[in-house]
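Me: I should like a close look at the interior of the model shown below. Please begin with the overall fold and then proceed to the packing.

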Amino acid sequence: KTDLRPFLENLYLPTVFAKQIQDKNVDCGSLEKMIDGIFSGNEEVKTKLHGFRNVLNPDSHSVTLSNDEDVRNFAIEMMNYLYSLNYE
């Protein structure tokens, strides 16, 4: 469960959306700012990604991802959503 946030923040978004980050001059100082910058104008995507971000905040791990099955299901949901994103 501790690998999901670094994957999203340090690998997935900066790699897949590198062009958008550069074109929009996105502040990558925090995951929140990165999501807001990349997906400005798309409230539905921002809301969903911020939902994932909030669950992955360190304070939330013990409450929302309490067992291996919860972690697996969350990871599947997040990955399916990430890989379904299209950016134009």
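Which pattern does the protein chain follow when read along the sequence? And which residues of the largest nonpolar core touch the most other members?

Reply: This is a predicted model, in which local features need pLDDT of at least 70 and side-chain atom pairs count only at pLDDT 80 or more, while totals for chains, interfaces and linings use all residues. Residues are numbered from 1 along each chain as its sequence is written, and side-chain values use heavy atoms, with hydrogens and water left out.

The pattern along the sequence is α-α-α-α-α-α. The protein chain thus holds 6 helices and 0 strands; these are DSSP runs, H or I of at least four residues for helices and E of at least two for strands, numbered from the N terminus. The C-alpha trace spans about 40 × 25 × 20 Å along its principal axes. The radius of gyration is 13 Å, which agrees with the value near 12 Å for a compact globule of 88 residues; it is taken over C-alpha atoms, and the globule rule is 2.2 Å times the number of residues to the power 0.38.

Of the 88 residues, 39% count as buried, where buried means under 20% relative accessible area, exposed over 50%, and partly exposed in between (1.4 Å probe, protein chains only). Contacts, meaning heavy atoms within 4.5 Å, can also be sorted by sequence separation. Among those with a separation of 6 or more, 43% come from residues 24 or more positions apart.

The interior itself can now be described. A nonpolar core is a set of buried Ala, Val, Leu, Ile, Met, Phe, Trp, Tyr and Cys residues joined through side-chain atoms within 4.5 Å. The largest such core has 25 residues, and those touching the most other members are Leu13, Ile38, Phe39, Leu49, Phe74, Met78 and Leu85. Two or more residues are given to this core by each of α1 (4–16), α3 (31–38), α4 (43–56) and α6 (68–82). Helix α6 supplies the largest share, 6 residues.

Leu85 offers a detailed example: residues up to four places away in sequence being set aside, Leu85 touches Phe17, Phe39, Val45 and Leu49. Helix α3 offers another, with Leu31, Met34, Ile35, Gly37 and Ile38 as its buried residues. These residues pack against α1, α2 (18–23) and α4. An α-helix has 3.6 residues a turn, so residues three or four places apart point the same way.

Polar residues complete the picture. Lys48 lies in helix α4 and is partly exposed, with a relative accessible area of 31%. Apart from neighbours within four places in sequence, Lys48 is in contact with Glu77 and Tyr81. The C-alpha atoms of Lys48 and Tyr81 are 8.8 Å apart, although 33 residues separate them in sequence. Asn54, also found in helix α4, is partly exposed at 35%; its C-alpha atom is 9.9 Å from that of Arg5, 49 residues away along the chain.

Gln20 belongs to helix α2 and, at 15% relative accessibility, counts as buried. Asn25, in the loop between α2 and α3, is by contrast exposed, with a relative accessible area of 68%. Asn25 also has a positive phi of about 55° although it is not a glycine.
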